[in-house]
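The following paragraphs offer a guided reading of the charged side chains in one structure. The sequence and the model are shown first.

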Amino acid sequence: MDFSLSDFLSVLYGEPYDWVKWVHRNLSDNHCPECLMLDGCFFKGDNHPPHPHHPFCHCILENISQSEIKSQATAFAAYQKFDPYLFDPEDFYKHGKNKAFESWGYSINDSNWLKNEFEKQALQKYILGDYKLGKLDEHGQRLSIEIKIPRKDKEGSISFTTGWMVCPNGKIKLNTPLGGK
Ligand SMILES: [Zn+2]
Ligand SMILES: [Zn+2]
């Protein structure tokens with residue numbers, strides 16, 4: 001029988017241990033930049049950065065309910081992440097990511113559609129806790145989220161990893177439209 005950590009905690013606390021809010025407490029002069037970036041961020045109860053984050057970390061994890069995350073979570077992808085960044089019409093960024101999207105039949109004219117689709121799918125997956133924790137540094141905690149879109153050049157669909165930054169109060173922000181760490 002499978003008995004997960006969240007099952008165990010539900011039994012312990014008598015309620016579903018769904019989500020946590022990372023809370024940094026000002027209890028010392030030493031404000032570590034990583035904990036400050038995590039302050040106020042929401043994570044699935046079984047998928048959050050290691051806590052305590054380091055010896056003498058004063059941060060706490062507050063339980064929040066599934067309904068709170070559902071009502072508060074938002075996903076934002078800046079239009080500029082697609083036009084000009086992803087499709088790179090001036091060949092300025094030279095990352096070659098445009099070639100992948102172009103080979104699936106997409107062009108810079110799809111930027112708005114992609115922005116909306118990325119936001120919709122990433123929000124659904126974030127709310128389900130269907131993300132992978134990526135790099136955490138003084139800029140914040142990154143998440144990887146799988147996005148699936150139809151191919152426009154032929155039948156079928158294509159899945160790839162996108163990179164997001166976790167912001168306070170249930171917001172996630174697109175970092176990179178293809179690839180993530
Ligand atoms: Zn810290
Ligand atoms: Zn801390």
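The model shown here is predicted. A suitable place to begin is Asp153, which is partly exposed, with a relative accessibility of 39%. Its partner in a salt bridge is Arg151, and the closest N and O atoms of the two residues lie 2.9 Å apart. Arg151 is likewise described as partly exposed, at a relative accessible area of 21%; it is not counted as buried because that term applies under 20%.

Side chains of opposite charge can pair when their charged atoms come close. The structure holds nine salt bridges, one of which joins Arg151 to Asp153.

Another salt bridge lies within a helix. Glu117 and Lys120 are both part of helix H6, which covers residues 111-128, and they stand three residues apart, about one turn of the helix. Their closest N and O atoms are separated by 3.6 Å. How exposed or buried is Glu117? With a relative accessible area of 15%, Glu117 is buried, whereas Lys120 is partly exposed at 46% relative accessibility.

A further pair consists of Lys94 and Asp91, whose side chains meet in a salt bridge with an N to O distance of 3.3 Å. Here Lys94 counts as exposed because its relative accessibility is 59%, and the threshold for that term is over 50%. Asp91, at 44%, counts as partly exposed.

Finally, salt bridges may also be followed through a linked group: Lys135, Asp137 and Arg142 are connected in a network of such contacts.

Conventions
Residues are numbered from 1 along each chain as its sequence is written. Chains are lettered from A and ligands numbered from 1 in the order in which they are written. This is a predicted model: local features need pLDDT of at least 70, side-chain atom pairs count only at pLDDT 80 or more; totals for chains, interfaces and linings use all residues. Side-chain values use heavy atoms; hydrogens and water are left out. A salt bridge is a side-chain nitrogen of Lys or Arg within 4 Å of a carboxyl oxygen of Asp or Glu. Buried means under 20% relative accessible area, exposed over 50%, partly exposed in between (1.4 Å probe, protein chains only). Helices (H or I, at least four residues) and strands (E, at least two) are DSSP runs, numbered from the N terminus.
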